[in-house]
Every structure is written in C-alpha cells, then in structure tokens.
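Colleague: Mind walking me through this one? I have some questions.

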Amino acid sequence: MSKIGVFVCHCGENISATVDCAKVAETAGTYDGVAFSVDYKYMCSDPGQNIIKNAIKEKGLTGVVVASCSPRMHEPTFRKACAEAGLNPFMCEMANLREHCSWVHEKNEATTEKAIDLVRILVEKVKYNHSLNEIKVPVTKTALVIGGGIAGIQASLDIANTGHKVILIERDPSIGGHMSQLSETFPTLDCSQCILTPRMVEVAQHPNITLYTYAELESLEGFIGNFKAKIRRKSKSIDEKLCTGCGQCTTKCPVKKIPSEFNEGLGKRTAIYVPFPQAVPNKPVIDRGNCTYYIKGKCKVCEIVCPTGAIRFDQEDQIMEVEVGAIVVATGFTVKQPDFFPEYGYGKYADVITGLQFERLASASGPTLGEIRRPSDGKIPEKIVFLACAGSRDPAKGIPYCSKICCMYIAKHAMLYQHKVHGGKSYVFYMDIRAGGKQYEEFVRRAIEDDGVNYIRGRVSKIYEKNGKLIVSGADTLLNAMPVEIEADMVVLATAGVANEGAEELAQKMHISYDPYKFFAEAHPKLKPVETNTAGIFLAGACQAPRDIPESVAMASGAAVKVAGLFSQDELTREPIIAVVNRQAPPVYSSCVGCFLCVSACPYQAIEKEEIKNRNGEVIKLVAKVNPGLCQGCGTCVAFCRTKSIDIQGYTHEQMYTEVMALLNEY
Amino acid sequence: MAEFEPKIVAFVCNWCTYAGADLTGTSRIKYASNVRIIRFPCTGRIDYMLLLKAFDEGADGIIVSGCHPNDCHYTSGNFHARRRWIMFRSLCDFTGIDTERIKFSWVSAAEGAKWAEIVNTTVASIRELGPYTDYKKVAKYPEKEVIHG
C-alpha cells in the first residue's frame, strides 16, 4: 500500500485567491493511499520544504505530490527536497495549480474542483511511479573537429585552451579554408591572411591539438562521451617526418599546368604541390590524378631532387581509429559552380567569374599579385559589373534562401576595384541590400557614397558578348523596370553559397539531420543553434547555413563552450526519462516480437537489435534494445510499439492510463 | 437546468503546449475551467488508444496539442503524431466515433493567448454537441464484463 503525501501550496495568494486550498488538501486526504495531506502558504520556502522532509521521514511516505506552481518552475526544487529526506526524487510529482488553474480561472467552485482533479490525477499517477536512478555515462575527454576553416580553427583553439585534447581533421592538404582565399575582409578591409595565418600556425604548434590534413571521416559509431571515429588519412605520397618543406620538389616538378584549386582555377600549380605559400602544414602532397609517375609509370623527378629522401610513391591510405567524447562539425560551404548560370555565360566567357575568383584576383598573394586583371587577356577592366543574388533567392534555381554574405562582399569587391583601378566604373545589380551587422550598412554606404559604385536595383536577364565586350542586359526596377544595358569588360557573379558536395553522406555517417539544401540542421533554431539532434555533436560555421567570418567564429566558440562543458564532467548524468524494452522470464524473454518499427520511429538511432542466446550460444530471439546514452526520452517508439513492449520511464502506459482514468472517474 | 459543462481532457507535450499553457497563466489570460491537462514528453508519445480510453471513461471532448511542425523538441515526434492522427481519424470515422470532439492543434511555448482561445472554442463547440453518450453505443460494450473463473 502506498503512502502518499499531498502538499498544497497557497503561493502567497496566487493560488489561494481563487482555489480553496484547505478543501483541496482535505479532499486529497480522503483518497486511498494518501497518508498525509496539508496546505501551507509557501511550499517552496525553507519551512515549506521542511514540512515535506519531515513528513517523508515521520510518515514513511512512498510518494509525494506537491500541488503548487508549474513543474517547469519548481520540480527540481521539490525533487531535491525529497532526495534529501531519503525518498527517490522520481517519486515526487507536481500538480500545476497556479499556471494551469488559479491564474486562468475565476474564483468559484469549478476552479477548486479542477484543482482537486489535478491533484487526484497525480496522486494516482505517483502510485505507479518507480524509483529511478540518474544515468551515468563516462566521458572521453578528447574532441574531434571536422574541418580546418576559420570555424574549425577557432573551435579547436578554444577547446585546446581549456586543457582538453583536440583532433582536427581537414580534407585539403592545408588548413585555412575559404578564409585563406579571401583578399580583404569586410567591414574593416583588413587583410584576411594577415589575421588568419597566425591562428593557423597556433593550431599547428598547440600541444593539445593533433592536426591531420588530407584526412576525412570514414565512419562514426557510439554516442555522447563515447564516440569511435574512423579517419581515413589519404596518402600524401611523402614521409611527413622527413620532409622539411624546402620546396625543391615543387619547383622541379615537370607537370606545371594544373589549375590551382586555391586560386579557383585562375592560377596553375604542379603535380606535387603546396596549395599556397602560407599553408599549414607547409609540406607538399602528390596529386596522383595528375602526376606523370602515377599515370605513365616514370618521372620520379621529385624523388631525385628531394634532399631528405622523403618521397614515398608506394604510400597507402591509412585508416586510423580514434576515441572521442564530442565532435564539432565545421565543414563549411562551397559556391555554385559553372553550368548553373547559362544565361550569364559562366564557363563560356572567360571574363565572367565568381566572387571567390575575384577574391583571388584582388589578393596580394593571388595569380595577378593583387592587380585586377581580366582572365581572358590580362587587361585591366575599365567597366566591371557585379551581380548580386546569382542563384540565391531564386526558387526557380532551387535556392530560395538568401546567401547572406554576398551583399557585403560585393560592396567590398566594388570598393577594392575602385581603390585599385582609378577611373574605373563599377556597377552592382541587386535585389535588396541586406547589410545587417555591426558597421555593415555604413560600409555599403561608403561604397556608394565615397567610392562612387553605381547600384542598380534590378536583375540581369542575360549576358552576351559583342565586339569584345560583355553586354549585361537587365532592368532598373527603381525606374519602372527600364531596360539597362552595360558594356562591361568583366562580370562578377555573387554565386549562391551552397552545402559542400558530400554533405549529405557526411551527415548520414554521423546521424545528424540536414535541411532540404543539405546544410546541417541545428537542434533548435533559436535556443540550440550549435547543437545537433545527436547529443555530443555540435556545429560551427557555414556548414549549418551561409554565414560570414564573425558569425562563424562566434558559433565556433559557442560550440567549443558546449564541448568544454561536456568535458568538465567525468561522468555524464542524465535524467532517466528514457525508453526501455521489457524483459521477461524465459521462455518469453520479452514481449517484443522484433518488428523494429521503433527503429524507424526513433529520431536518435537509439534503438539497437539485441540477440538473446541460449547456453549454447544459439540465437533464440531478436529483440529491440534502447541505448540509454542516445535515448532522449521522446517516447515516439512507445506509441509505435504494436505489442506495448517498449515503455518510457516516468510516462509509462500504467501511469498515463491511470491519469486518464483517475481524472474521469468520480470519487 | 444548469448549462451542460463538458469534460475535456487535453493531451499536451511538455515542451511547447504545456509551456504555452504556463504562459497563459503567467499572462493571466482567463479561459474555461472545463479542461484538464495531462502532460506527455512529446505528442509522439501519445498513444491514441488513450483517447478512446478517455471517451470510454466519460470525456466529452479531447484536445491534442504539441509543437508546431519543425519545432519539435525531439525533431520529429510531432510529425509522427500528425501522421498517426490522420490514420486514427479515418479509423474513427469508419467506426463512428465523432472526430468533431477531438481537436488537434499546435501551440508553441510563446502562444499563451492561442491556448486560451483553443480551450474556449473547444469548450463552446463541445457544449453545443452535448454530452458524448453515443460513445458507449459505438463501442457496444457488454453492460457487465463476465469473467470466467
């Protein structure tokens, strides 16, 4: 027989003004199994809590119902009080008499009746409560950061500076990401590499960071605090320990005309190469797809010239297994590439380029050493046109969202052009100028007012070549859609920022969700922007949506704090509100029939298949098993289960049916 | 004769509608006192057999409410709830259970006023429909269950 204590709170006058608290307590005292009931002015106060504690000790209560405010407010308070008096905290339930009753109804008998009902529901529920213990899982205090762009760099440094180990993996031969390609950054126009490269060096030298470039995530298993990641270290064809980065091989390599990825195809590189002079690590890799030795079986010039004998033609990819407790995904974004804009002639006309290509032209380390020269003939363009929203905000192109960074970088590009080409004319076709951000609007105004960039509100229908000029044909919507034609020397498309190729596969490897555009999805759009719906995996930077440098850095630091918070504990404790599959005595073992409908319902991949074996090791039955580390306790599987074999602690079938029955059965 | 006061049970999720109803309280918006809230972790947890149980026990109307689509605390519980509701509704229609008496809605944690409005409109419409005495006819329960020993 249960001994339940009912504690009705007046909340000053918040409850007692409309609810007859004494009557509620008195009525509750008459229910079966209620050993003690009382009303008091402030249950959450120290004397109030002492009433509960003393009653638990003196009456030997097996369950407690506190009828006061919302459990979202004081459930932890009262559960703690119960625990202090020696009662399992999960034997305490709260009836919400304030938010759901006294504050929303008039003072009359019906309100008191409702209060009595609310108490009765929980008195009956608590009879079926079970003592639960918090779940403890150990934590491996090493973080894996995927992606070595500015977000990954920032997250790695922040985590490493809290004293925890970080493994940073990067797909390309060097860290730095898109930021290393940029010329100058808005709205301050400071040089991108000047602010980035010191951070890159810091990453390489940090004692807590292990950096693997030219490496990708192969597979991921496990759960928060206990992930097992397999990392594929692609063969660089060199022995990194022996290589000194002297650069002999890259200067002597005979294959010299490979379009450089770093320069967005505007420059050339060799087959054995370092992507850019400030690369970290500053050691070359052999691009096997273009190397003569791998294609024709002879050459080996690099091996001959290498003073330390570091070239390894027979090196193979290595698969490395690491154990990590948390993961920060910072894989970034890419921009829409050729063929996507046939109307703008991208790929057809050499002088129609992307914004990222313009960055390389404007960069002092770029193929033109910072001079704005058009790719076709190297002339300095006298008229240049920038097209905003090339692909973005265009549902017909499948990209209805705003790429967010383009308005700002176009203003920057136009400004840089005006600074570098005196007397040149620049035009910007835009839909709207979206310059939300600190000093962003001022920056755009500066481009228009101080540097004389011509902003034309309207879209461009097509670009075609005539007498060696690119004719940009569009409309000015501020002049009643008047047709505009500009004879330009060069056109820059602010192409839409899109998710990386392979983002979908990566998300599926990690069991994190992604949106229709393949950007990774955050756990909550407002309150959990860096978490994913898989506990222990966090997001940073533009892999979640297009974003600029300050936002990426802020997000990375946010993710790092989440990781540091996780690592500050030796064991994770979680509320035991999780699903469990029942187990019964042989020969049934479990009422689960192994249909695994629950597996398809679970948003967290928390349900596994378990083999029940006999003494000879033969499988008798295949049943579902919930991984307590992954289960978040939504209970979707419970409603799905055909045999009612799965149940969620704290909201069991018994409890919920009892609540419904208690509510409607008159006492 | 006093006006008929319907008994209404609300099955709500912990994260959106329960919090939304809390906000109704903190905003001191008044609504009809006929509703009793039962808290679930997620609308995805709501086993629709519970709705039948509630009718069986004498409820006149039911509200099911959770997070808006895409806002689910558990990512997709509300989608599962919605999908099962569509199936369940067809089943109700087929068996003759009055689906007018079940109100399915989304109320976020920021929509205190919407919660009050939903309760009030549901109470008004159920009051018009009258007590749900037909359920027993539909369910055709034997008056007394005979248990053989």
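Modeller: Sure, and one cut-off first: a residue is buried if 20 or more other C-beta atoms lie within 10 Å of its own, exposed if 12 or fewer, and partly exposed in between. Keep in mind that this is a predicted model.

Colleague: Then let's use that right away: is Lys518(A) buried, exposed or partly exposed?

Modeller: Lys518(A) lies in the loop between helix H14 (503-510) and strand S29 (537-539) of chain A. Its phi is positive, about 75 degrees, although Lys518(A) is not a glycine. The count within 10 Å is 18 other C-beta atoms, so Lys518(A) comes out as partly exposed.

Colleague: And how does Gln439(A) count?

Modeller: Here too we have a residue that is not a glycine but has a positive phi, about 65 degrees for Gln439(A). Gln439(A) sits in the loop between strand S22 (425-430) and helix H13 (440-449) of chain A. With 12 C-beta neighbours inside 10 Å, Gln439(A) counts as exposed.

Colleague: What about Pro89(A), buried or exposed?

Modeller: Pro89(A) belongs to the loop between helix H3 (71-84) and strand S4 (92-96) of chain A. Leaving aside neighbours within four places in sequence, Pro89(A) is in contact with Arg79(A), Lys80(A), Cys82(A) and Ala83(A). There are 20 other C-beta atoms within 10 Å of Pro89(A), so the verdict is buried.

Colleague: How many Å apart in space are Pro89(A) and Glu75(A)?

Modeller: In sequence, Pro89(A) and Glu75(A) are 14 residues apart. Going C-alpha to C-alpha, the distance between Pro89(A) and Glu75(A) is 9.6 Å.

Colleague: Prolines make me think of peptide bonds. Which residue is joined to Pro587(A) by a cis peptide bond?

Modeller: Pro587(A) is found in the loop between strand S31 (579-581) and helix H16 (597-601) of chain A. Omega is about 5 degrees for this cis bond, and the partner of Pro587(A) is Pro586(A).

Colleague: What is omega for the peptide bond from Phe186(A) to Pro187(A)?

Modeller: That one falls in a loop as well, with Pro187(A) between strand S8 (184-185) and strand S9 (190-191) of chain A. The bond from Phe186(A) to Pro187(A) is cis, with omega near -5 degrees.

Colleague: Zooming out, what separates the centres of domain 1 and domain 3 of chain A?

Modeller: The domain assignment puts domain 1 at 4-132 and domain 3 at 235-315 of chain A. Among the other domains is domain 2, which is written in pieces: 134-233 + 317-332 + 500-574. Taken over C-alpha atoms, the centres of domain 1 and domain 3 of chain A are separated by 74 Å.

Colleague: Now the interface: which helix gives the largest share of the side of chain A that touches chain B?

Modeller: On the chain A side, 37 residues are in contact with 35 residues of chain B. Helices H4 (98-102), H5 (109-127), H17 (636-640) and H18 (653-664) of chain A each supply at least two residues of that side. By class, the side has 19 nonpolar, 11 polar and seven charged residues. The largest share, seven residues, comes from H18(A).

Colleague: On to chain B. What is its radius of gyration, and why call chain B as compact as a globular protein of that length?

Modeller: Chain B has five helices and four strands, running β-α-β-α-β-α-β-α-α from the N terminus on. Its C-alpha trace spans about 50 × 40 × 30 Å along the principal axes. The globule rule gives 15 Å for 149 residues and chain B is close to that, so it is as compact as a globular protein of that length, with a radius of gyration of 16 Å.

Colleague: What share of the contacts in chain B with a separation of 6 or more is between residues 24 or more positions apart?

Modeller: For context on packing, 54% of the 149 residues of chain B count as buried. As for those contacts, residues 24 or more positions apart account for 84%.

Colleague: Last one: how many residues of strand S1 (residues 8-13) of chain B are buried?

Modeller: S1(B) pairs in the parallel sense with strand S3 (residues 61-66) of chain B over five bridges, and with strand S2 (residues 35-40) of chain B, again parallel, over six bridges. From S1(B) the chain crosses through helix H1 (residues 17-26) of chain B to S2(B), in a right-handed β-α-β crossover. Both faces of S1(B) are covered, with Ile8(B), Ala10(B) and Val12(B) buried on one side and Val9(B), Phe11(B) and Cys13(B) on the other. S1(B) is therefore largely enclosed by the rest of the structure, and the count of buried residues is six of the six.

Conventions
Residues are numbered from 1 along each chain as its sequence is written. Chains are lettered from A and ligands numbered from 1 in the order in which they are written. This is a predicted model: local features need pLDDT of at least 70, side-chain atom pairs count only at pLDDT 80 or more; totals for chains, interfaces and linings use all residues. Two strands pair if DSSP finds at least two bridges between them. A crossover is right-handed if, with the strands pointing away from the viewer, the path from the first strand over the helix to the second runs clockwise. Domain bounds come from an automatic or database domain assignment. Two residues are in contact if their C-beta atoms, placed from the backbone, lie within 7 Å. Ala, Val, Leu, Ile, Met, Phe, Trp, Tyr, Cys and Pro count as nonpolar, Asp, Glu, Lys and Arg as charged, and the others, Gly among them, as polar. The radius of gyration is taken over C-alpha atoms; the globule rule is 2.2 Å times the number of residues to the power 0.38.
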